[in-house]
2 protein chains.
Amino acid sequence: MKNHHKPLRVSVMAERVKLLGALPSPFVYRVIWALKLKAIPYEFIEEDITNKSPLLLKYNPVHKKIPVLLHGDKPVCESMIIVEYIDEMWPQNPLLPNDPYERALARFWVKFAEDKGSSVWRLFRAKGEELEKTTKETLEMLQNVEEHGLGEKKFFGGDSVGMADIAFGSVVYWLEVIEEVVGEGVIFEAHKFPRLHAWIQNFKQAPVIKENLPDRDWMVTFFKRRREAMAASA
Amino acid sequence: MKNHHKPLRVSVMAERVKLLGALPSPFVYRVIWALKLKAIPYEFIEEDITNKSPLLLKYNPVHKKIPVLLHGDKPVCESMIIVEYIDEMWPQNPLLPNDPYERALARFWVKFAEDKGSSVWRLFRAKGEELEKTTKETLEMLQNVEEHGLGEKKFFGGDSVGMADIAFGSVVYWLEVIEEVVGEGVIFEAHKFPRLHAWIQNFKQAPVIKENLPDRDWMVTFFKRRREAMAASA
């Protein structure tokens with residue numbers, strides 16, 4: 001196997017870290033969790049997503065989206081790519097296993113969360129027939145994770161929070177809130193997804209994660225208001 | 001930086017490699033290119049995608065899609081995750097740079113190809129208004145790569161074929177064919193995308209890649225027939 005990293009470059013590691021984000025974005029929380037798990041000090045720069053700053057447009061010209069991590073003057077974009085960058089730059093509390101096969105499995109579930117997790121956001125916006133279709137897709141996503149993603153271990157890859165947990169944490173914790181806001185509440189049922197329910201409890205109770213979760217009641221209020229604003233402007 | 005790999009495990013590396021695929025799938029070619037660039041011998045198992053084999057359903061129960069790499073009895077799914085697995089398992093001719101920041105840039109463009117490259121396939125299926133919309137999305141994708149992805153170097157990350165080149169090779173080489181089949185031919189124009197045109201020439205001429213590209217005329221015939229079959233059954 002490959003030993004592809006150069007020796008520690010302490011000067012680079014010590015450069016200042018800034019995070020461009022907005023709360024309670026689930027994608028921004030992925031980066032916050034990774035930084036906190038690694039105990040990396042950083043400055044949070046609040047972005048107004050309705051009025052994107054020149055800084056955001058400069059550093060993420062392709063997608064113009066948060067989060068962006070600035071390490072010194074170098075921007076990294078896309079939440080899970082930022083998380084992997086953080087994992088490679090700061091070795092403490094590794095977020096990926098050592099074994100290439102286990103790494104591939106973790107990356108498979110990260111990609112699954114990236115590709116299928118967006119159904120939670122379509123759920124937030126959907127109505128009528130579209131809501132029915134999106135509910136079905138969300139159930140399929142959860143079923144796949146329940147059956148194939150989670151084993152007997154506490155987390156996706158083992159006994160501590162790793163990359164796939166970070167990816168799904170931002171899907172499932174937000175789903176619980178979105179379900180309440182949309183008022184359906186029949187998607188993420190405990191008897192249908194016992195492993196996923198056990199897992200999200202473990203995740204929410206994990207050291208570092210539990211101190212860095214947005215408050216649930218605040219989120220419900222936040223997303224209810226947003227949904228009302230959407231309905232008013234539709 | 002992290003030195004996260006264990007010493008060479010020769011026994012694992014020597015296990016037999018099989019690739020479940022169908023031709024000319026661009027996703028299967030990504031894996032073929034990676035295996036050939038690493039000079040890994042493998043057995044190709046042809047899948048009939050209209051009649052999925054028990055082997056495919058067993059090894060990729062989540063997506064039920066090709067390609068699947070079997071290393072010994074371990075399945076790896078999703079083309080770019082397979083490519084990264086190959087890169088970590090066999091160190092020769094590395095497909096990612098050493099530097100974590102350059103690795104993040106390569107991964108950014110891999111993800112961009114994964115997320116936006118599918119417009120080529122929607123182009124193949126689209127008609128009327130949908131074709132117009134998809135043409136616009138394809139142009140936007142190419143424009144982003146032209147402006148932000150490619151620099152003065154021969155390939156995405158430097159002077160040899162890497163992971164982002166493999167990801168985009170399967171988008172752009174197939175786009176050239178699909179354009180001809182759809183009969184529009186106004187998307188990938190040389191004067192609009194000079195860097196991308198130079199890059200795809202470099203890619204097609206690169207050692208190993210040039211001996212492992214599906215024949216263009218054969219592809220045109222193949223996809224024309226498929227499109228006719230689609231029209232007949234629509």
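Let me begin with the record: in an unreviewed entry, UniProt lists residues 15-94 of chain A as "domain: GST N-terminal". What we have on the screen is a predicted model, and over that same stretch, residues 15-94 of chain A, the chain is 36% helix and 21% strand, with the end C-alpha atoms 20 Å apart.

Now I would like to turn to chain B and its sheet. Four strands form an open sheet there in the order 2-1-3-4, and the pairing is mixed. At the edges stand strand 2, residues 43-46, and strand 4, residues 74-77, each with a single partner strand, so one side of each is left without a neighbour in the sheet. From one strand to the next, the twist averages 25 degrees.

Where does the mixed pairing show itself? If we take strand 1 of chain B, residues 17-21, we find that it pairs with strand 2 of chain B in the parallel sense over four bridges, while its pairing with strand 3 of chain B is antiparallel, again over four bridges. To see this at the level of residues, look at B:Lys18, whose bridge partner in strand 2 of chain B is B:Glu43, and which stands opposite B:Leu70 in strand 3 of chain B. One can also look at B:Leu19, which has B:Phe44 as its bridge partner in strand 2 of chain B. Helix 2 of chain B, residues 26-37, packs on this sheet, touching strand 1, strand 2 and strand 3 (68-71) of chain B, and its direction makes about 160 degrees with that of strand 1 of chain B.

Is strand 1 of chain B mostly open or largely enclosed? Buried here means under 20% relative accessible area, and four of the five residues of strand 1 of chain B are buried, so the strand is largely enclosed by the rest of the structure.

Let me finish with helix 8 of chain B, residues 163-182, which has 20 residues and reaches 29 Å from its first C-alpha to its last, close to the 28 Å expected at 1.5 Å a residue. That said, helix 8 of chain B does bend, by about 30 degrees, at B:Gly169. Of its 20 residues, 19 are buried, and so helix 8 of chain B is largely enclosed by the rest of the structure. Another glycine, B:Gly183, comes just after helix 8 of chain B, and it takes a positive phi of about 80 degrees.

Methods
Residues numbered from 1 in each chain as written. Chains lettered and ligands numbered in written order. Predicted model: local features only at pLDDT ≥ 70, side-chain atom pairs only at ≥ 80, totals over all residues. Heavy atoms only, no water. UniProt positions renumbered as here; feature names shortened; annotations may be inferred. Helix = DSSP H or I, 4+ residues; strand = E, 2+ residues; numbered from the N terminus. Expected span 1.5 Å × (residues − 1). Bend = angle between axes of the 7 residues up to and from the residue. Buried < 20%, exposed > 50% of the residue type's maximum accessible area, 1.4 Å probe, protein only. Pairing = 2+ DSSP bridges. Axes fitted to C-alpha atoms, helices over the stretch in contact; angles between N-to-C directions. Contact = heavy atoms within 4.5 Å.
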